[in-house]
Every structure is written in structure tokens, then in C-alpha cells.
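Welcome, and please open the model in your viewer. We will go from stop to stop, with something to select at each one.

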Amino acid sequence: MSTEPINIKSAQTEFDLHPLITGRWSPRAFSAKEPSRHQILKLLEAARWAPSSFNEQPWRFIVGVKSRGEEYQKILECINDFNKEWADQAPVLMLVCAKKAFTHNDKPNRHYKYDCGAAMSTLSLQAMADNLYVHQMAGINPDKAIELFKVPETFEVLTGVAIGYLGAPDQLSEKNQKAETARRQRKELSQLAFSESWGNSFS
Ligand SMILES: Cc1cc2nc3c(=O)[nH]c(=O)nc-3n(C[C@H](O)[C@H](O)[C@H](O)COP(=O)(O)O)c2cc1C
């Protein structure tokens, strides 16, 4: 019998997956230790190499580092209160923005959000490989971001992102400590993958 301690946050998978996938999760408690500029650029480089429809690469990132002050505080202003209560511990904050139309023909790009999600996936997995954690946030105020960062109309502000090394749950409010130490949940694979007809599970 294994004597390895069970990591409550590690994904309980039906198949043996790569530890970068099983180990990734979205924490609220971040250490004050700041990733280096080189490290942050490395994560952005991982996003840069994500696939995208027509290779449009619609993603743009606004990056703030806590010790550098102003940009970070401006991003924090764009984050809703229920996220701010933990996100202000993260040493790096970002806003993800996306170009809504294709550059080659100016037609609407139906997949710009999909592509930005792909870029955040590669960024998140590279972060795991470097012992960093990523927590994405829908709970932001895009209009505030447009105002503070003069985001052009041709772009949409999609999400906020908190990045840093893992902190300790006791840094958090009681409510957030609960979420921080809860087991991660997923739907069953049979509910997600179909064959023959919709709802007929691929198994
Ligand atoms: C696009 C997107 C938006 C999210 N928005 C928020 C948010 O506003 N606040 C929050 O605490 N978590 C947010 N999350 C994190 C999810 O709640 C989290 O990924 C999900 O519960 C699964 O947990 P895991 O990432 O630890 O596996 C968001 C994640 C994504 C991908």
C-alpha cells in the first residue's frame, strides 16, 4: 500500500495523466514571493505558442507586478470585490483581452474566446511546470479596464488572472479557506463525450 500522503487538490483521474494536468488547480492563497520578470515572460511565451483559428493569435495581455505598483493597482481596480478579497495577495495580475475580428479580412472571428482559452491553458500548464499557479477570473469590470488601459473598441476584455507561488490557506477568510481545501469536482467523462447521437456516451 502506498504511504504517499494524498494531495486533496490533485485531480482524481480515471486514467493516468501527466502530473502537470492533475496537479494544476486554481488557488486563492498566494505566497508574497514574486516571480522574476524572466519567469513572467516565459509564461507569456507559452501563451504565444497556443493554436488559434487562422493563426490570428487574438490574445493580448495587460500585466501588472505587485512590487512595481501602478499597473498592478489599476488591474486590481478592475477586479470585482468577491475576487479582490483574495486576488490582492497574488504578486502578478493580468487582464486577458481579445481581438474580435480577423486581421486578414476584418470579418468577425467566431473563435476569439476559444483561442484565448487555449492560450490560457498553455500558460497555466507552463506555470505548473515552473511551480507557479494561475487563477482565472470572470468576475471583473471590463468597462473599468477599457477606461483605465484605453483598450481599443476592436478588442474585448475577457478575464482577470492571478498568478503566483502557492500560499497557505490560513491567509484567507474562513469562506475562502473552505474552497481552498475542498476536493476538486468534475462531471463524469460519460456525461461529456458522446457518440452516435447527442447524450449517448462514448465509452
Ligand atoms: C474563464 C474562467 C473564469 C473564472 N472566473 C472565476 C472567478 O471570477 N472567481 C473565481 O474564484 N474563480 C474563477 N474561475 C476559476 C474556476 O472556478 C475554477 O477553474 C473551477 O472551479 C475549477 O477549479 P480548478 O481550476 O481548481 O480545477 C474561473 C475560471 C475560468 C476558466
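**Stop one: the ligand**

Select Gly139 together with the ligand: a polar backbone atom of Gly139 sits 3.0 Å from an oxygen atom of the ligand. Taken on its own, the ligand has 620 Å² of accessible area, and the protein covers 63% of this. Keep in mind as you look around that this is a predicted model.

Next, pick His135. An N or O atom in the side chain of His135 is 2.8 Å from a nitrogen atom of the ligand. Then add Arg24, where a polar side-chain atom lies 3.0 Å from an oxygen atom of the ligand.

**Stop two: the shell around the ligand**

Now widen the selection to the 13 residues around the ligand. Which of them come nearest? They are Ser26, Asn83, His135, Ala138 and Arg186. By character, the shell divides into 4 nonpolar, 5 polar and 4 charged residues.

Color by secondary structure and find helix H4 (81-87) and strand S3 (133-137), the elements that each give two or more residues to the shell. Which element gives the most? Strand S3 does, with 3 residues.

**Stop three: a nonpolar patch**

Leave the ligand and switch on the surface. Select Phe15, Leu17, Ile21, Leu125, Leu189 and Leu192, which form a nonpolar patch there. Together these residues have about 550 Å² of accessible area.

Zoom in on Leu189, which you will find in the loop between helix H7 (174-181) and strand S5 (194-195). Why does Leu189 count as partly exposed? Its relative accessibility is 44%, and the partly exposed class runs between 20% and 50%.

**Stop four: two loop residues with positive phi**

Go to the loop between helix H2 (37-48) and strand S1 (59-65) and select Gln57. The phi of Gln57 is near 55°, a positive value in a residue other than glycine. Gln57 counts as partly exposed because its relative accessibility is 29%.

For the last selection, pick Lys150 in the loop between helix H6 (142-149) and strand S4 (155-164). Lys150 is not a glycine, yet it has a positive phi of about 50°. Is Lys150 buried or exposed? With a relative accessible area of 70%, Lys150 is exposed, because that class begins over 50%.

Note on methods:
Residues numbered from 1 in each chain as written. Predicted model: local features only at pLDDT ≥ 70, side-chain atom pairs only at ≥ 80, totals over all residues. Heavy atoms only, no water. Patch = residues over 30% accessible without salt bridge, like charges linked within 9 Å, V, L, I, M, F, W, Y side chains within 5 Å. Areas by Shrake-Rupley, 256 points an atom, 1.4 Å probe, with all protein chains shown as cover. Salt bridge = Lys/Arg side-chain N within 4 Å of Asp/Glu carboxyl O. Helix = DSSP H or I, 4+ residues; strand = E, 2+ residues; numbered from the N terminus. Buried < 20%, exposed > 50% of the residue type's maximum accessible area, 1.4 Å probe, protein only. Near = heavy atom within 4 Å. Polar contact = N/O pair within 3.5 Å; in protein donor to acceptor, adjacent residues only side chain to side chain. Nonpolar A, V, L, I, M, F, W, Y, C, P; charged D, E, K, R; others polar.
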